[in-house]
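Please read these points alongside the sequence and the model, which I have gone through with an eye to enclosed space, aromatic contacts and burial.

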Amino acid sequence: MNVSDIILDFLVEQNVSRVFLMTGGHVAFLLDHLYGREDIEYVCVAHEQAAAMAADGYSRMRPDSIGVSIATSGPGATNLLTGIGCSWFDSIPSLHITGQVNTYEAKGDRNIRQAGFQEMDIVNMARPITKWAATVDDPENILWYLQKAVHVAKSGRPGPVLLDIPMNFQRQDVDFDAIPRFVPEDISATPRASVIEDCAAMIRAAERPVLLAGGGVRNADATRELRELADTIGAPVCLTMNGIDAFPHDHPNCAGFIGIYGNRGGNLTLANSDLVLAVGSRMGPRQTGVKTDLFARFAKKVVVDIDPEELGARFEPDLAVNCDAGEFLRSLLDVVTPAPPRRQWLEQIARWREQYPPCPEECRDSAPLSPYHFMDILSAHLGPEDTVVLDTGQNMVWGTQTLKPRRNIRMWTAGGMSPMGYSFPAAMGARFAKPGGRAVCVIGDGGMQINIQELETIRRHNLNLTIFVINNSGLGLIRQFQDDYLGSRHVAANGPQGYTTPDFVEVAGGYGVGTLRIERPEEAEAIVARSLREDGPVLVDVQVDSSSNVIPKALMGHPIEDQFPYLDKAELLDQMIVEPLDPDTYRTGEGQ
């Protein structure tokens, strides 16, 4: 049996319906075996980076499968690396297959730069951002490598893997019945009963507990268990950026997004809690602030993480649990009992939600269009099966703060790697993974220029995908940073000499993609609704106020509940149930 057929048959067994690829000489034999197959399809992208990012988006939507990209050796392989990094930092399983020069052309151990054309040591380049990267050493071992790769990608803390396959191996025949198979070790682990009992006792003793859900909850497919636990113990749920769709935002226990850019209500919830149960979050500085001693300073902290290296990496929790998020939640549900109503605590959460909405009234009446008003409109028009992928920069924060995933709406961003241009191919991959609903890409004018070539891909496949380009004619989050810390010297962040944008409507029209433009606030509602109803791809150029900032935002060294623009000092202190810090430590100057 031919090695290339074994590869494709294996992918079909993993429920892979499509692979994302760009052709090249060193994968030509493998891709030739796709010809005439009806059990697996392929998507030709216009840049290998888009293939890796689409595979990441596909994997997030298909836990029963795995996202796959294929690229040739040399530049094709290196172009995958940014997308692989997205999967690495966000713990997303994905499989990346690269071609390599014929073994008889390889440089081997010789101390030369290159022997075969486009020869590249992609394995050693990829190792720091993959769970496993390897070159297939013998065509007889192909199935062993494939089986191990997918097992490694999906076991423990998930992540990407890369297999480098020499060109001559792809065209060889082997005896399928005789080739070796990979036999995985059983590495599953359940939390110790004593740890679960300790956690349950801490919940019973708490007056103001809060559940903090990270991306690990979604990765473990444990959103149902999270909702059940929140209902059982009567606790509010706060969400990190990577966990933003792990809990429905229309649930009464939802306290909102937290962190440096978090919703005020969510941050006040954490600050006033007496127990934080963090599940599937590494508790990075964007969640806690730089000074961890100021984070939820009166709360006991339970941190649950599948990666033992993350536990205690930034601070020592009161209880550290090395466990899969789903296993932990299921074990805890077995022992917790319905708690006495924490009515006052949940009523306070509701007041903060109402008092500090992400889109305040002044944003609704502004002209030019406020990005917060736009996101509020988009949120209201999302369908129950839609998928939203946010890019990076201000558009990511505006979306995370304002959009409200509920029912079966999925929403994410590449939270760790956070590259500009990610959301477009990732939304493309998500759309291929899920035939129902509509894929929505939210991206800035800067990010749109990174993978703009994939307009041809979505046109060719006539994908039901809407791209909202949040166009403020600049790299807004950098401009805001320069305003905050660099004396408003906008080097390389806006025009005319440092950064400029094309007319995205003209560009998309040239590719044959449908286009719309929002120039005035009063147009937004109708155009958003229309763009989400269209059959096929649509790009919407959303002209927003170029001076719009991300608000609220905790500045460096401040506790996350003290965000700019600052609340009146008396109002802030009035929100503190716990003993506040010395008010003079909150502000750099009176009246700010």
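1. The second largest cavity of this predicted model is lined by Thr-387, Ala-430, Arg-431, Lys-434, Gly-436, Gly-437, Arg-438 and Ala-439. By class, that lining divides into two nonpolar, three polar and three charged residues, and the space enclosed comes to about 30 Å³.

2. Two cavities of 30 Å³ or more are found in the structure, and the largest has a volume of about 80 Å³. Its lining includes Ser-281, Arg-282, Met-283, Val-303 and Asp-305, and also takes in residues such as Glu-310, Arg-314, Phe-315 and Pro-317. Six residues of the lining of the largest cavity are nonpolar, two are polar and four are charged.

3. On aromatic contacts, the count comes to 11 aromatic pairs. One of them joins Phe-20 and Tyr-58, whose ring centres lie 6.0 Å apart with the planes at 70 degrees; because an angle over 60 degrees counts as edge-to-face, the pair is placed in that class. Phe-20 belongs to strand 1 (residues 18-21) and Tyr-58 to helix 3 (residues 48-61), so that the pair links distant parts of the chain, 38 residues apart. Phe-20 is buried, at 0% relative accessibility, and Tyr-58 is likewise buried, with a relative accessible area of 0%.

4. A second pair is formed by Phe-481 and Tyr-485, with ring centres 4.9 Å apart and planes at 55 degrees, so this pair is tilted. Both residues lie in helix 22 (residues 476-485), four residues apart, which is about one turn of the helix. An α-helix has 3.6 residues a turn, so residues three or four places apart point the same way. Phe-481 is partly exposed, at a relative accessible area of 35%, and Tyr-485 is also partly exposed, at 31%.

5. Elsewhere, ring pairs link Trp-132, Trp-144, Tyr-145 and Phe-182 into a cluster. Charged side chains also meet rings: Arg-171 lies over the face of Phe-29, at 5.0 Å from the ring centre, while Arg-181 lies over the face of Phe-176, at 4.6 Å from the ring centre.

6. Why can helix 18 (residues 394-402) be called largely enclosed by the rest of the structure? Nine of its nine residues are buried, which is the reason for that description. Among the buried residues of helix 18 are Met-396, Val-397 and Trp-398, together with Gln-394, Asn-395 and Gln-401.

How values were computed
Residues numbered from 1 in each chain as written. Heavy atoms only, no water. Buried < 20%, exposed > 50% of the residue type's maximum accessible area, 1.4 Å probe, protein only. Helix = DSSP H or I, 4+ residues; strand = E, 2+ residues; numbered from the N terminus. Phe/Tyr/Trp six-rings, centres within 6.5 Å; stacked < 30°, edge-to-face > 60°. Lys NZ or Arg CZ within 6 Å of the ring centre and 35° of its normal. 1 Å grid on protein atoms, 1.4 Å probe; cavity = no way out; pocket = protein on both sides within 12 Å on 5 of 7 lines; lining within 4 Å. Points joined across faces, edges and corners; volume = space filled by probe spheres on them. Nonpolar A, V, L, I, M, F, W, Y, C, P; charged D, E, K, R; others polar.
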